[in-house]
Amino acid sequence: MNVRSAEPRDFEAVTVLLEALGRREVTDETRDRCREIYAAQLSDPSADHVVAENDDGEIVGFCSLHFRKRLNYTTPEAWVPDLIVRDGQRRTGIGRALLDHAERRAIERGCWALSLESAHHRVEAHRFYAAFGMRDMGKSVRKLLG
């Protein structure tokens, strides 16, 4: 397995993983705009997106990492909005390698915390995060607009 920075050529594989995570499907109507957003985030210094490849070079995992400023903190928070490992590839160390990378990058950037959000139904993932040393710190709420 190899963990590396995501590249523009990874767009389709990353999209498939994000859809499996529950993100909206990229359609013919949205593909160009989604690709633009993806490319912009790859070059954004406040983000660090990585993929995990298996020994055959297939992308089997993705981690999106953002460094965001928070009021009353003098250093950024590292936030993982997306972390996904392909079905059938879980429990093989891929998720751990992606989170290890995120933690290293957060420490390098002087972040005060590494946080992520996870859907209620992802119980297995919650056990994984706890084993990584993360604690449940609250509840995320959302109102869909439009």
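This is a short tour of a predicted model, from its sheet to its nonpolar cores. Local features need pLDDT of at least 70 and side-chain atom pairs count only at pLDDT 80 or more, while totals for chains, interfaces and linings use all residues. Residues are numbered from 1 along each chain as its sequence is written, and side-chain values use heavy atoms, with hydrogens and water left out.

Start with the sheet. Its five strands (E, at least two residues, DSSP runs numbered from the N terminus) form an open sheet in the order S1-S2-S3-S4-S5, with mixed pairing (at least two DSSP bridges between two strands). Select 2-5 and 113-116: these are the edge strands S1 and S5, each paired on one side only. Neighbouring strands are turned by 25° against each other on average, direction ignored (axes are lines fitted to C-alpha atoms).

Next, show S4 and S5, which run parallel and are joined by four bridges. Pick Glu77 to find its bridge partner in S5, Ala113.

Now add helix H3 (helices are H or I runs of at least four residues). H3 lies across S1, S2, S3, S4 and S5, at about 25° to S3 (angles run from 0 to 180 degrees between N-to-C directions, with helix axes fitted over the stretch in contact).

Then select Cys63, Val80, Leu83, Leu98 and Tyr129. Of the 21 residues in the largest nonpolar core (buried Ala, Val, Leu, Ile, Met, Phe, Trp, Tyr and Cys joined through side-chain atoms within 4.5 Å; buried is under 20% relative accessible area, 1.4 Å probe, protein chains only), these touch the most other members. H3 gives the most to this core, five residues.

Key: Buried < 20%, exposed > 50% of the residue type's maximum accessible area, 1.4 Å probe, protein only. Contact = heavy atoms within 4.5 Å.
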